[in-house]
Amino acid sequence: MKKILEKLWDEYLSNECAVIDTDEERALAGEAVRLHEGVNNSLSLEQQRAVEEYIDALCDIEGLFVKKAFFGGCKFATAFLLEVLGRGNSEL
């Protein structure tokens, strides 16, 4: 099942979730770029690298948490559906 969820995650994320397509998303992305540029302008190259490493680490951990939540949601939805249909046990 994990392989199926991995494939679903990879295809879903790349085709659906990573696309900026709303005004709110565009505004937030623009604000992030503006803030990033402002910070970079006030830092030395060494400090800029440190901030970039920090941002990368935050993005990595956030990605793992989002993936974990996605997998948990898929498992919950499947267990819920099976229980409603009377085919599963009552525990996840």
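Modeller: Let's fix one term before we start: a residue is buried under 20% relative accessible area, exposed over 50%, and partly exposed in between, using a 1.4 Å probe and protein chains only. This is a predicted model, where local features need pLDDT of at least 70, side-chain atom pairs count only at pLDDT 80 or more, and totals for chains, interfaces and linings use all residues. Residues are numbered from 1 along each chain as its sequence is written, and side-chain values use heavy atoms, with hydrogens and water left out.

Biologist: Fine. Why is Lys7 called exposed or buried?

Modeller: Lys7 has a relative accessible area of 52%, and exposed means over 50%, so Lys7 is exposed.

Biologist: And what makes Lys7 and Glu11 a salt bridge?

Modeller: The term needs a side-chain nitrogen of Lys or Arg within 4 Å of a carboxyl oxygen of Asp or Glu. For Glu11 and Lys7 the N to O distance is 4.0 Å, and the two side chains meet in a salt bridge. They are four residues apart in helix α1, so about one helical turn separates them. Glu11 comes out at 43% relative accessibility, which means partly exposed.

Biologist: How do you know where a helix such as α1 starts and ends?

Modeller: Helices are DSSP runs of H or I with at least four residues, strands are runs of E with at least two, and both are numbered from the N terminus. Helix α1 covers residues 2-17.

Biologist: Which other salt bridges are there?

Modeller: The search of the whole structure finds four. One of them joins Lys67 to Glu6, with the closest N and O atoms 2.8 Å apart. That pair links distant parts of the chain, as Lys67 sits in helix α3 and Glu6 in helix α1, 61 residues apart. Lys67 has 21% relative accessibility, so it counts as partly exposed, and Glu6 at 23% is partly exposed too. Arg34 and Glu31 also meet in a salt bridge, at 2.7 Å from N to O; both lie in helix α2, three residues apart.

Biologist: What makes Trp9 and Phe70 an aromatic pair, and of what kind?

Modeller: Rings of Phe, Tyr and Trp (its six-membered ring) pair if their centres lie within 6.5 Å; planes under 30 degrees apart count as stacked, over 60 as edge-to-face and the rest as tilted. The search finds three such pairs. Trp9 and Phe70 are 5.0 Å centre to centre with 55 degrees between the planes, and the pair is tilted. Trp9 lies in helix α1 and Phe70 in helix α3, so the pair ties together parts 61 residues apart in sequence. Phe76 and Phe80 are a stacked pair, 5.9 Å centre to centre and 20 degrees between the planes. Ring pairs also link Trp9, Phe70 and Phe71 into a cluster.

Biologist: Why are Trp9 and Phe70 called buried?

Modeller: Trp9 has a relative accessible area of 9%, so it is buried. Phe70 has 18% and therefore counts as buried as well. By contrast, Phe76 at 45% is partly exposed.

Biologist: How do you know that the span of α3 is close to the expected one?

Modeller: The expected span is 1.5 Å times one less than the number of residues. Helix α3 (residues 45-84) has 40 residues and reaches 58 Å from its first C-alpha to its last, close to the expected 58 Å.
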